[in-house]
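Trainee: I would like to learn how to read the core and the sheets of a model such as this one. Could we go through them one at a time?

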Amino acid sequence: MKELDELVSVREQMIPRANLKRLAKRNNYTGLLFLAFQFGVIACTGWLVYISLGTIWIIPAIFVHGAMLATLFAPMHETAHGTAFRTLRLNEAVLWLCSLIYIFPPYWFRYHHAFHHTYTQVRRLDSAMVLPKPITLKEYLFYVSGLMVWKRNLSYLFGHALGRIDPAERLYAPEDQFPVLIRQARIMLLIYATVGIVAVAYGSWAPVIYWLLPRVVGESYARWIRVAEHTGCAEGSDPRANTRTTLTNSFIRILWWNMPYHAEHHLCAYIPFHALPKFHLQVRDKVTVSSGGYFSVHVDLFRKFIRLRHAPRAQ
Amino acid sequence: MIGTKLGRWHRAAATSNIEDDDVLGVLLGDQGEHEVALYKIQGNFYATADRCTHQTARLSDGLVIDDCIECPLHQGRFHVPTGKAKNAPVSIDLKTYPVKVEQDVIYVLIEDTQFD
């Protein structure tokens with residue numbers, strides 16, 4: 001597999017295996033601390049929604065709460081890799097919990113994301129290629145709105161529950177795992193239906209106000225963060241060029257489980273989130289780094305859109 | 001190499017070549033056609049195929065966690081003594097090989113039907 005061999009060869013040239021092994025050590029407590037902090041923040045923003053009920057402040061409160069719910073992508077991502085915790089069962093339990101809240105089928109995401117790591121920025125193969133070049137403002141806005149994600153995920157969730165596997169999924173999910181995907185979708189829908197029935201029985205809007213509505217509007221924050229990971233980077237399988245690390249403040253880094261160190265994560269996905277800052281110090285001169293934060297990455301993307309719009313007229 | 005009815009014992013590595021709770025990739029066979037991963041876990045030696053059953057990454061580049069080997073590419077784990085696939089994305093078990101240690105040398109038994 002050409003892409004895989006290139007990744008391993010680049011990694012071996014950049015950093016000795018002994019260093020990687022030291023960095024790759026797992027534990028349970030760091031993940032639990034991060035998770036506790038994250039749910040603490042989510043509880044606080046949920047409380048903001050609660051005290052804003054019946055006022056105009058409910059609108060910003062729901063957006064803020066939704067953005068915090070969207071950060072659950074980070075533990076879902078880390079547990080999908082199996083690197084969040086040393087104990088496999090704890091890892092799987094947190095993957096399920098986050099997937100349920102995030103409304104992403106867990107194993108579908110794991111297979112989809114694994115394929116993305118094999119074929120990062122390889123056109124027509126990268127299952128999570130955000131915005132292939134050339135990108136336009138329209139495509140960018142559509143992606144950041146999160147609409148595409150809801151359309152795709154809900155179609156897979158209901159499709160799987162009905163026993164349907166999309167032909168595109170056959171690229172990344174092994175056939176012997178199709179029954180697992182179908183079973184997981186049915187379990188998820190059963191849990192959601194139970195929540196709905198209980199809410200209706202008690203005449204409560206709580207699941208809509210504290211979860212569904214914020215989750216829908218908050219997805220755009222997750223997309224806004226994720227655009228910075230690969231968009232505008234080189235196409236092809238060289239991990240030094242196809243992925244971007246975005247330096248940002250420690251609050252964002254903790255909420256996103258160090259995912260902003262994305263080039264390091266793609267260079268060596270078995271290094272757990274808590275070791276990525278150390279790994280960054282060892283490879284920062286060799287990978288693509290944006291030091292100006294997320295706004296800076298998005299401003300650069302906007303400049304590219306403008307150049308793209310003017311390019312045909314210049315010819 | 002020593003022949004048996006089951007196959008051939010291949011001299012794989014010196015025991016000192018593998019650290020505790022680590023893995024080493026070796027090529028065995030006349031043409032180096034068998035990619036094998038050797039493990040030392042809690043003082044015991046094991047051998048499995050070196051290629052992940054999911055997308056063929058080299059497991060000897062991976063990480064030994066307790067009695068499992070974790071694939072370096074997608075972090076699927078296999079139970080080393082049995083080769084059992086423990087978690088997605090791996091779902092197909094890993095081939096395991098019998099191992100013996102004689103005079104600080106690790107030998108791996110590889111089936112060879114032509115040898116019968």
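**Core and sheets**

Mentor: Let us begin with the core, bearing in mind that this is a predicted model. The largest nonpolar core has 91 residues, and those with the most contacts inside it are M76(A), A12(B), V36(B), L38(B), I69(B) and V108(B). Helix α7 of chain A, residues 106–118, gives the most to this core, with 6 residues.

Trainee: What is the general idea behind such a core?

Mentor: In soluble globular proteins, nonpolar side chains tend to be buried together.

Trainee: Which residues is V36(B) in contact with, leaving aside its neighbours within four places in sequence?

Mentor: With that exclusion, V36(B) is in contact with A12(B), V26(B), L28(B), A47(B), A49(B), D50(B), Y97(B) and V108(B).

Trainee: What is the order of the strands in the open sheet of 4 strands?

Mentor: The order in this chain B sheet is β3-β4-β5-β9, with antiparallel pairing. Because β3 (22–28) and β9 (96–97) of chain B each have a single partner strand, they stand at the edges, and one side of each is left without a neighbour in the sheet. Within the sheet, strands β4 (residues 34–41) and β5 (residues 44–49) of chain B run antiparallel and are joined by 6 bridges, and A37(B) stands opposite T48(B) in β5(B).

Trainee: How should I read the open sheet of 3 strands?

Mentor: Its order is β6-β7-β8 in chain B, again with antiparallel pairing. Neighbouring strands of this sheet are turned by 30 degrees against each other on average, direction ignored. Strand β7(B), residues 68–70, pairs with β8(B) over 3 bridges in the antiparallel sense, and the bridge partner of I69(B) in β8(B) is F78(B).

Key. Residues are numbered from 1 along each chain as its sequence is written. Chains are lettered from A and ligands numbered from 1 in the order in which they are written. This is a predicted model: local features need pLDDT of at least 70, side-chain atom pairs count only at pLDDT 80 or more; totals for chains, interfaces and linings use all residues. A nonpolar core is a set of buried Ala, Val, Leu, Ile, Met, Phe, Trp, Tyr and Cys residues joined through C-beta atoms within 7 Å. A residue is buried if 20 or more other C-beta atoms lie within 10 Å of its own, exposed if 12 or fewer, and partly exposed in between; C-beta atoms are placed from the backbone. Helices (H or I, at least four residues) and strands (E, at least two) are DSSP runs, numbered from the N terminus. Two residues are in contact if their C-beta atoms, placed from the backbone, lie within 7 Å. Two strands pair if DSSP finds at least two bridges between them. Axes are lines fitted to C-alpha atoms, for helices over the stretch in contact, and angles run from 0 to 180 degrees between N-to-C directions.
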